[in-house]
Amino acid sequence: MYWTAGLYKGNDSLSGFYVWLMMSIFTSYCVCFGQSIAAACTHVYQSMTIFPLIMAFLFLFCGVLNPPSSLPYFWRVWIYELVPTHYYLEGLVTSVLVGVDITCVQEDLAWFLPPPNQTCGNYAANFLANSTGYIANPDAMQPELCGYCQYSRGSDYYEFFVGWSFENRWRDLGIVISYWAFAIICVIFFTWLNRKAMR
């Protein structure tokens, strides 16, 4: 999937291996996590009720759909740091986007009108000094509109919007492996606990 989609362009070969390894381990974690829920529940209807609720928490609070800065304080300080999908996606997204240059198409640009007798580049210079992105037509003047692209590099998204770091990717892999090992232990424990009376 990584290579067929062209995500390797601009990245090193280690990033491709990392993405494959992280996806393999996270898939194994998901299987073990589902098995641990099934082993913990004594009836199939319990697991059918509990599992979707837990999965909603795993993906709602991972930081991609709703960045940590916009989460309520209560959820940001513990659930965001607790869910394994946060570490999985931080490792994946930073590895894929680290060397990518972004060029916005016309539909992606935010359009605004510059003041009279000023170019788009001059008018937006102070703004661009403190933000990400670029002006697509910096020499344009009124009556032409200025086109602003929010991101100029892939790292702009994960560093400024989500607050992730490329340097954390190996740490993230270790955390996902820890979650996987914990899920295996939970499967063994709950299977032993719930099935010992049946022996």
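## Arginine 153 and aspartate 156

In this predicted model, arginine 153 and aspartate 156 pair up through their side chains in a salt bridge, with 2.8 Å from N to O. The two partners sit in rather unlike surroundings. Aspartate 156 has 3% relative accessibility, so it counts as buried. Arginine 153 comes out at 38%, which makes it partly exposed.

That pair is part of a short list: searching the whole structure turns up 3 salt bridges.

## A network around arginine 171

Now for arginine 171. It forms a salt bridge with glutamate 90, where the closest N and O atoms are 3.2 Å apart. Glutamate 90 belongs to helix H4 and arginine 171 to helix H8, so this contact ties together parts of the chain that lie 81 residues apart in sequence. Arginine 171 also meets the side chain of aspartate 172 in a salt bridge, at 2.7 Å from N to O. Put the shared partners together and you get one network made of Glu90, Arg171 and Asp172.

How open to the outside are these residues? Aspartate 172 has a relative accessible area of 0%, so it is buried. Glutamate 90 is at 2%, and since buried means under 20%, it counts as buried as well. Arginine 171, at 40% relative accessibility, counts as partly exposed.

## Helix H4

Glutamate 90 brings us to its helix, H4, which covers residues 84-97. Is H4 enclosed or open? Of its 14 residues, 13 are buried, so the rest of the structure largely encloses this helix.

The helix length checks out too. At 1.5 Å a residue, 14 residues should span 20 Å, and the C-alpha atoms at the ends of H4 are indeed 20 Å apart, so the two values agree.

## The largest pocket

Where is empty space left in a structure? Rolling a probe the size of a water molecule over the atoms shows that. Here, the largest pocket has a volume of about 330 Å³. Its lining is made up of 17 residues, and those nearest the centre are Tyr29, Phe33, Ile54, Leu58 and Tyr179.

Which helices build the wall? Helix H1 (13-40), helix H2 (44-60), helix H3 (73-82) and helix H8 (169-195) each contribute at least two lining residues. Helix H8 is also where arginine 171 of the salt-bridge network sits.

As for chemistry, the lining of this pocket divides into 16 nonpolar residues and 1 polar one, with no charged residues.

Notes: Residues numbered from 1 in each chain as written. Predicted model: local features only at pLDDT ≥ 70, side-chain atom pairs only at ≥ 80, totals over all residues. Heavy atoms only, no water. Helix = DSSP H or I, 4+ residues; strand = E, 2+ residues; numbered from the N terminus. Expected span 1.5 Å × (residues − 1). Buried < 20%, exposed > 50% of the residue type's maximum accessible area, 1.4 Å probe, protein only. 1 Å grid on protein atoms, 1.4 Å probe; cavity = no way out; pocket = protein on both sides within 12 Å on 5 of 7 lines; lining within 4 Å. Points joined across faces, edges and corners; volume = space filled by probe spheres on them. Nonpolar A, V, L, I, M, F, W, Y, C, P; charged D, E, K, R; others polar. Salt bridge = Lys/Arg side-chain N within 4 Å of Asp/Glu carboxyl O.
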